[in-house]
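Biologist: I am new to this model and would like to understand the words used for it. Could you show it to me first?

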Amino acid sequence: MTEVVRSRIGVNTYLSPQGSLVDAITLESLQDVVSQAFQAGEIQLILDLIKVPSINSRVLELLVEWREQLLPKGGSLTVVNANPVIMDVLYITEVDKYIKV
């Protein structure tokens with residue numbers, strides 16, 4: 001299972017998965033951390049993908065879902081440090097039109 005590190009800097013909550021986001025257990029871990037952030041009232045989320053070599057289609061769905069949950073609360077979701085392959089996936093699927101990258 002991939003660990004997801006959660007940290008706060010000012011009003012921003014950084015979520016940093018420590019490996020690939022392709023299996024159900026890892027995605028569940030990420031979802032749990034995001035749920036904890038939501039429950040704590042943290043609405044400015046930054047997903048740092050510096051240590052993530054690959055993602056699957058479920059991650060794309062989750063990004064859009066989380067954005068939809070954050071917008072009514074005045075929040076935002078930003079993806080940073082994605083590798084070129086993940087960036088291509090975000091652009092090709094047009095997820096970049098829904099979240100900041």
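Modeller: With pleasure; we start with one term. A polar contact is a pair of N or O atoms within 3.5 Å, where one must be able to donate a hydrogen and the other to accept it. Please keep in mind that this is a predicted model.

Biologist: What makes the start of α3 a place to use that term?

Modeller: There, a side-chain oxygen of Asn83 comes to within 3.0 Å of the backbone nitrogen of Val85. Set against the limit of 3.5 Å, this pair is within reach, so the term polar contact fits. At the start of α2, a side-chain oxygen of Asn56 likewise lies within 3.0 Å of the backbone nitrogen of Arg58.

Biologist: What joins the side chains of Glu61 and Arg58?

Modeller: A polar contact of 2.9 Å, which is again within the 3.5 Å limit. Glu61 belongs to helix α2.

Biologist: Why is Glu61 called partly exposed?

Modeller: Its relative accessibility is 42%. Buried would need a value under 20% and exposed one over 50%, so a residue in between is partly exposed.

Biologist: How do you know that the length of α2 agrees with its number of residues?

Modeller: Helix α2 covers residues 57-70, which makes 14 residues. At 1.5 Å a residue they should span 20 Å, and the C-alpha atoms at the two ends are 20 Å apart, so expectation and model agree.

Biologist: Which residues of α2 are buried, and what makes us say that they line one face?

Modeller: The buried ones are Val59, Leu60, Leu62, Leu63, Trp66 and Leu70. Looking down the axis of α2, we find them within an arc of 160°, so they line one face of the helix. Their cover includes α1 (24-39), β3 (44-48), β4 (76-80) and α3 (84-92).

Biologist: And how do you know that the buried residues of α3 line one face?

Modeller: In α3 the buried residues are Ile86, Met87 and Leu90. Down the helix axis they fall within an arc of 100°, so here too one face is lined. Pro84, Val85 and Ile92 are exposed on the other side of α3. The buried residues of α3 have α2 and β4 among what covers them.

Biologist: Let us turn to the strands. What makes β1 and β2 a pair?

Modeller: Strand β1 (residues 4-9) and strand β2 (residues 12-17) run antiparallel and are joined by six bridges. Pairing needs at least two bridges, so the two strands qualify. Ser7 stands opposite Tyr14 in β2. The two strands form a hairpin with two residues between them, and Gly10 in the turn has a positive phi of about 65°.

Biologist: Why is Ser16 called buried?

Modeller: Ser16, which sits in strand β2, has a relative accessible area of 14%. That is under 20%, so Ser16 counts as buried. Beyond its neighbours within four places in sequence, Ser16 is in contact with Glu3, Val4, Val5 and Asp48.

Biologist: Which way do β3 and β4 run, and how does the chain cross from one to the other?

Modeller: They run parallel, joined by five bridges, and Asp48 stands opposite Val80 in β4. The chain passes from β3 through α2 to β4, a right-handed β-α-β crossover. Four of the five residues of β4 are buried, which leaves this strand mostly covered.

Biologist: What stands out about the phi of Asn81?

Modeller: Phi of Asn81 is near 60°, a positive value in a residue other than glycine. Asn81 lies in the loop between β4 and α3. Glu94, just after α3, also takes a positive phi, of about 65°.

Biologist: Last one: how do you know whether Val95 is buried or exposed?

Modeller: Val95 has a relative accessibility of 6%, so it counts as buried, the limit being under 20%. Val95 is found in the segment after α3. Leaving out neighbours within four places in sequence, Val95 is in contact with Leu60, Leu63, Val64 and Leu90.

Technical notes. Residues numbered from 1 in each chain as written. Predicted model: local features only at pLDDT ≥ 70, side-chain atom pairs only at ≥ 80, totals over all residues. Heavy atoms only, no water. Expected span 1.5 Å × (residues − 1). Buried < 20%, exposed > 50% of the residue type's maximum accessible area, 1.4 Å probe, protein only. Arc of directions from axis to C-beta. Contact = heavy atoms within 4.5 Å. Right-handed = clockwise from strand over helix to strand, strands pointing away.
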